[in-house]
Amino acid sequence: MSDRAHMPYTNAVIHEIQRMANVVPLNGTRVASKDIHLGGCVIPKGSTVLAILTSVLFDKNEWETPHVFNPGHFLDSNGNFVKRNAFLPFSAGKRACVGEALARMELFLFLVAMLQNFTFSAEEGVELSSEGIVGVTRTPYPFKIRATPR
Ligand code: HEM
């Protein structure tokens with residue numbers, strides 16, 4: 001359907017950006033509809049539950065280099081794109097993000113269009129941080145980046 005299928009590396013880079021960007025770290029809230037027994041604990045009916053997305057996007061049992069940017073997480077040895085079950089930036093289930101298709105299309109179109117037209121680089125001597133400001137969403141600290149027309 002889209003060109004993404006033919007651009008496995010670009011697709012892998014976008015997935016890895018979404019994994020590490022972790023823009024909705026706490027996910028949406030849920031309420032336990034009955035008492036739940038989980039890992040030796042009881043979650044009583046009526047409790048508010050947060051299925052923290054950070055825990056799965058950086059799970060050391062799921063990712064080869066959880067804290068290092070690595071598009072290889074989404075590529076096999078032939079360079080084909082591979083889906084990963086732990087890739088859940090849009091959450092899962094009935095109340096997962098309804099904007100996922102739109103968001104993914106926009107991420108692809110904006111990133112590819114920008115990379116086709118500019119080369120991006122950090123200011124000399126400036127180390128860009130992958131840390132961010134965490135609230136309901138996670139946003140980067142203000143930063144400067146140089147865009148050089150190609
Ligand atoms: C990179 C972009 C985006 C990310 C990472 C993202 C992520 C999420 C996450 C994690 C949730 C919570 C799901 C849950 O509780 O299980 C959510 C919910 C939601 N998102 Fe997004 N979202 C993005 C873009 C968008 C866009 C573009 C729209 C609309 C045009 C949108 C509309 C919604 C709505 C309406 C909900 C609530 C769904 C519900 O409660 O049933 N999102 N999103």
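User: What makes the approach of the ligand to the side chain of Arg-30 a polar contact?

Analyst: In this predicted model, an oxygen atom of the ligand sits 2.6 Å from an N or O atom in the Arg-30 side chain. A polar contact is a pair of N or O atoms within 3.5 Å. The 2.6 Å pair meets that limit, so it counts.

User: How do you know that Asn-27 makes a polar contact with the ligand, too?

Analyst: The distance is 3.4 Å, from a ligand oxygen to an N or O atom of the Asn-27 side chain. The cut-off is 3.5 Å. The pair is within it, so the contact stands.

User: Which part of Gly-28 faces a ligand oxygen atom at 3.4 Å?

Analyst: A polar backbone atom of Gly-28 does. The limit of 3.5 Å again covers the pair, so this is a polar contact.

User: Which residues come nearest to the ligand?

Analyst: Asn-27, Arg-30, Ser-91, Arg-95 and Cys-97, out of 17 residues around the ligand. To be listed, a residue needs a heavy atom within 4 Å of the ligand.

User: Why is Ser-91 called buried?

Analyst: Its relative accessible area is 13%. Buried means under 20%. The value falls under the cut-off, so Ser-91 is buried. Only protein chains enter that figure.

User: What is notable about the backbone of Ser-91, and where is the residue found?

Analyst: Phi of Ser-91 is positive, about 70°, although the residue is not a glycine. Ser-91 lies in the loop between helix H2 (53–57) and helix H3 (100–117).

User: Why does Asn-22 count as buried?

Analyst: Asn-22 has 4% relative accessibility. That is under the 20% cut-off, so the label applies. Asn-22 has a positive phi as well, near 50°, and is not a glycine. Its place is the loop between helix H1 (8–21) and strand E1 (29–31).

User: How much of the protein chain counts as buried?

Analyst: Of its 150 residues, 23% do. The accessible surface comes to about 10700 Å², and carbon and sulfur atoms hold 59% of that area.

User: In what order do the helices and strands of the protein chain run?

Analyst: From the N terminus, the order is α-β-β-β-β-α-α-β-β-β-β. That makes three helices and eight strands.

User: What share of the contacts with a separation of 6 or more joins residues 24 or more positions apart?

Analyst: In the protein chain, 59% of them do.

Definitions and conventions:
Residues numbered from 1 in each chain as written. Predicted model: local features only at pLDDT ≥ 70, side-chain atom pairs only at ≥ 80, totals over all residues. Heavy atoms only, no water. Helix = DSSP H or I, 4+ residues; strand = E, 2+ residues; numbered from the N terminus. Buried < 20%, exposed > 50% of the residue type's maximum accessible area, 1.4 Å probe, protein only. Contact = heavy atoms within 4.5 Å. Areas by Shrake-Rupley, 256 points an atom, 1.4 Å probe, with all protein chains shown as cover. Polar contact = N/O pair within 3.5 Å; in protein donor to acceptor, adjacent residues only side chain to side chain.
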